[in-house]
Amino acid sequence: MRHLVTCFFMSTSSDGLVAVQYHYNIQLINMELQRIAYCSLIIILGCREALAQKPALDTGLIYRWPSVEERPILSSDGNYAGYVVTDRNYPNRKVDYFLKGTYSSWEKQLPGVEKVEFTADGHRALYEKDETLHIVALGTDGDEVVPGVSSYHLFRMGSEEYLLYYSKSARRLTIRVGGRQDDYNEVDAWLLSVDGKMLAKKVIHGKEHQTLSLVNVQSREEHIIWEGGPTAEWILDDSGRQLAFSTRDESGTNHIWYYKAGLDKPVEIGNEQSKGIDAGLSVGKLLNFSKDGRMLFFNLTKALPKPDPKMVAVDIWSYRDVQWQSLQLEDAVQRREESYLSFVRLDQGIEITRLQQEGEKPSGKAEGPFVLFKKTRADDFMTETHWSTESQYQFELVDARTGKRSEIDGYNVFRLSPCGRFLELSDRKTGDNYTYELSTGMIRPLTVNLPISKVSSNDDGNSIGRRFVFPLGWFPDDRAVLVQEYYDLWELDPLGKRAPINLTHFVGAKTKTTFFPAIGYPVGQLVREDTMILCAFNHQNKDNGFYRIVLHKEQVPEKLSMGPYAYYAQLSGLGKVVVKASRAPIFLVNRESISESPNYFMTRDFKNFTPVSDVYPEKKYNWTRSKLINFTTTDGRDDQGILYMPEDFDPTRKYPVIFHYYERLSDYLHAYHNTANLGAGGGLSDLDVAWFTSHGYLVFTPDFYYILGKTGECVLQTVEGAIRLLKTFPYVDTKHMGLQGHSFGGWETFYLVTHTQAFAAAQSSAGVTDFISNMSSETPMGPSITANADYQQYGQHRMGTMLWERPDNYIRNSPIFFAEKVTTPLLIVANKRDGRVPFTQGLELFTALRRLGKKAWMLQYDKGSHGEDGREAMDGLVRLTQFFDHYLKGAPAPKWMVEGIPATMKQVDDGLGLEPADVEPGPGLLTPEAQKAVNALKTRKPITVTFN
């Protein structure tokens, strides 16, 4: 029978006695095991924390842990803010929306609400809950309730704001403005033009009869444009003056109909017999009108052949296949037709033109008159561009008006400039930016001559050796481009006539500070004298804050504030973009630190910050603090890492330390660690730093720097250099050190345990163990993203050559070939549903360690994939804690580590109960003869393999 064991201990604090609970679901076999587990949990989890001023975290807290979510809102005048607070209580997540006055004490809590919208005048807030529309008068207790509302929409027309809401059950659409209210009954669907002037509505009278009409929102004048059979898709142009819809006749033929203001009735503009449609093609999905309203875009479709069940089912793999057969088969299951982008020129007669040809894919939304296609036969999932002729790709720009096609080869294409004069290009090899002038077809260098350096080899994948530059936005009339490089911002002339302007005056490069616009400035909305607020992140001390520049003024950026916080550091993945009130110089910023969870603050000057939200659950518990550590790797490189410590850190004690890593993590020095972020972190997908420091561990996260072909060697040199420094700290117990990594960090763990004996325990999740087998492995999603030659050669593993050029590098960096050297107890996680790293990668090393008689365990979660979520993540967190507690703290081992759990007991006995203190995981299964052979490996001479 299953028992829920709840362990209590009492600790004295300044507020008196504090009771803390620890919850573990334990399968107890008998009353004696129940007594042992109960007492062991008290000893392990209680004794240390009983001395602390604050209790340690417990598993019961994690699902109830509140946090402020993204997507805050600020009223147009800045007087009110809104945000969401939620927990992770799967599946009963608690959600509350808070509306607060930024200059007053007014506050309103909305339980169960996740989305709120302010009116443009900043006087009201609207939200829908349980088929009811609520209209809140901000700053008051007033709350108008409109029942039966399934959706609503706010829009502006001139100086007035309109409210539209729809009741699906009553089939009623209502539009309100000022004191006027217009109701439209028997409405089954509706569309609204971008300017809000025209409303299209559909009324379904029965299975075979529908009415479509256009309504002038201001005058309420209504014009019926269709009465007939059922319609399928329908679209309205931006002005509301043109409408297109499709119908299907009894034979299954699709027809496209078109209406514009002034016509008495719609006209048919497309079917299978229309001019311009090739044999075998039929009219498919309607897409959109062009921006100028002169073109209508839609798809032509071709049905794919259906399998014959009488034929033998066989997959034929060919060396000429552009894609793996598995990807082709998956695609064939999901897709039963081919689609080709086509259009009708509405102002020059009705003739269908097919734009998309075989081997082309639309790149972005077609809005005309220029349409961009990517030409390749390979699927975008594949990364074989370095060697496969069929994986090569080009972009082709098509002028829909003339049919002229212009090839753009060797570049990636970002987007069209706001005025439609230029395309933004990026050189695939160097990363430099170029502009493509549509009127002339000329390609001009944009960033080639900028005095900036290449990205160092510690960065991911194909960015190795590339210049880090990308365009952020355009100045009015496409006059200039705002460009971001790693440190500074530039204004560049797309025609190349004016000299580049460094808007931050090289302060970024000089101080190792990255500047980035703090606010999501609309593309094309920058003006010549704009004052721009910048976020700044210093890569030396990791401080984050704000600067101000005035465009085109000869003055260095003005520092507003910098400190040990995380506000927003786009390149480091920290924080969130700043929100600005649309009609006032008032801003809402997100701020967090190592000791304070993310909350929102209001500011006018980015120097003084007034709290808006106030959610700090960590203040009740023994939390974590961080320290930037500078050390030297064993190959002489200066490096950095973060040492995380408990909040109640005592320098006179000895602490076990867990190494956690990925590539570079030192930028997160001041970032908040949300405990058991079930999914993206926590459990076994990532190390829950706050959890382990709260329970008396140190956690160290070193930065790794890599050399092509020597990736693993660089990892080892970094870790050994860090250990050398940590041994000088009297409070670090270097005899009890652990390793933990996920994905690429999982491979790093595997490499370390096969090349050093410095660690007492290690855990690896979803890591690669064999570079050679991984090159041709599959996952449930098809070939692994890490399972093709390009990734091994050019991606994170950074081999730099083909396997057959340097097989020694592939072998040297594959942990499977060094399994006999493992002395560290190893916990592996490999899930069968992992779509990135094949399950067999973890299985390879586990079976090797089992054959060698090493202590190894492997967890496979049926609902897990490349990580775990919810209950699986919680289970992983508990098992990881038990694993490290046993090997790094000397705590009793759990049953699953000592006895294992037979398959017949899966989901019957979780094995979390603790064994007696003197019971250890036993030896492997080796016979004396097999053990003798394994022992002989320790003294064997190095093996030399020669490749001819």
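**Exercise 1. Find out how K365 and E367 pair, and how open to the outside each one is.**

K365 and E367 form a salt bridge, with their closest N and O atoms 4.0 Å apart. Before going on, note that this is a predicted model, where local features need pLDDT of at least 70, side-chain atom pairs count only at pLDDT 80 or more, and totals for chains, interfaces and linings use all residues. Residues are numbered from 1 along each chain as its sequence is written, and side-chain values use heavy atoms, leaving out hydrogens and water.

Step 1: get the rule. A salt bridge here is a side-chain nitrogen of Lys or Arg within 4 Å of a carboxyl oxygen of Asp or Glu. By this rule the count comes to 32 salt bridges.

Step 2: check the surroundings. Buried means under 20% relative accessible area, exposed over 50%, and partly exposed in between (1.4 Å probe, protein chains only). K365 has a relative accessible area of 59%, so K365 is exposed. E367, at 27%, is partly exposed.

**Exercise 2. Look at two other salt bridges and work out which parts of the chain they join.**

Step 1: take E144 and R176. Their side chains meet in a salt bridge at 3.0 Å, N to O. E144 sits in strand β11 (residues 143-147) and R176 in strand β14 (residues 172-177), so this pair links distant parts of the chain, 32 residues apart. Strands (E, at least two residues) and helices (H or I, at least four) are DSSP runs, numbered from the N terminus. E144 counts as partly exposed, at 35% relative accessibility.

Step 2: take K895 and D909. This salt bridge has an N to O distance of 2.3 Å. K895 lies in helix α13 (residues 895-898) and D909 in the loop between α13 and α14 (928-936), so the pair ties together parts that are 14 residues apart in sequence. Both K895 and D909 are buried.

Step 3: look for a network. E360, K375, E396, R405 and E407 are joined into one by salt bridges that share partners.

**Exercise 3. Work out the layout of the open sheet that holds β40.**

Step 1: read off the order. Four strands run β40-β41-β42-β43, with antiparallel pairing. Two strands pair if DSSP finds at least two bridges between them.

Step 2: find the edges. β40 (513-517) and β43 (558-563) each have a single partner strand, so one side of each is left without a neighbour in the sheet.

Step 3: zoom in on one pair. β42 (residues 544-550) and β43 pair over five bridges, and N544 stands opposite G563 in β43.

**Exercise 4. Which residues touch the most other members of the largest nonpolar core?**

Step 1: define the core. It is a set of buried Ala, Val, Leu, Ile, Met, Phe, Trp, Tyr and Cys residues joined through side-chain atoms within 4.5 Å.

Step 2: pick them out. Of its 54 residues, these are F659, L698, F700, Y731, L739 and L826. Helix α6 (residues 711-726) gives the most to this core, with seven residues.

Step 3: follow L739. Leaving aside neighbours within four places in sequence, its contacts (heavy atoms within 4.5 Å) include F659, T749, L752 and V753. T749, L752 and V753 are among the buried residues of α7, a helix (residues 744-753) with 10 of its 10 residues buried.

**Exercise 5. Is H673 buried or exposed?**

Step 1: place H673. It falls in the loop between β52 (655-660) and α5 (689-694).

Step 2: read its area. At 19% relative accessible area, H673 is buried.
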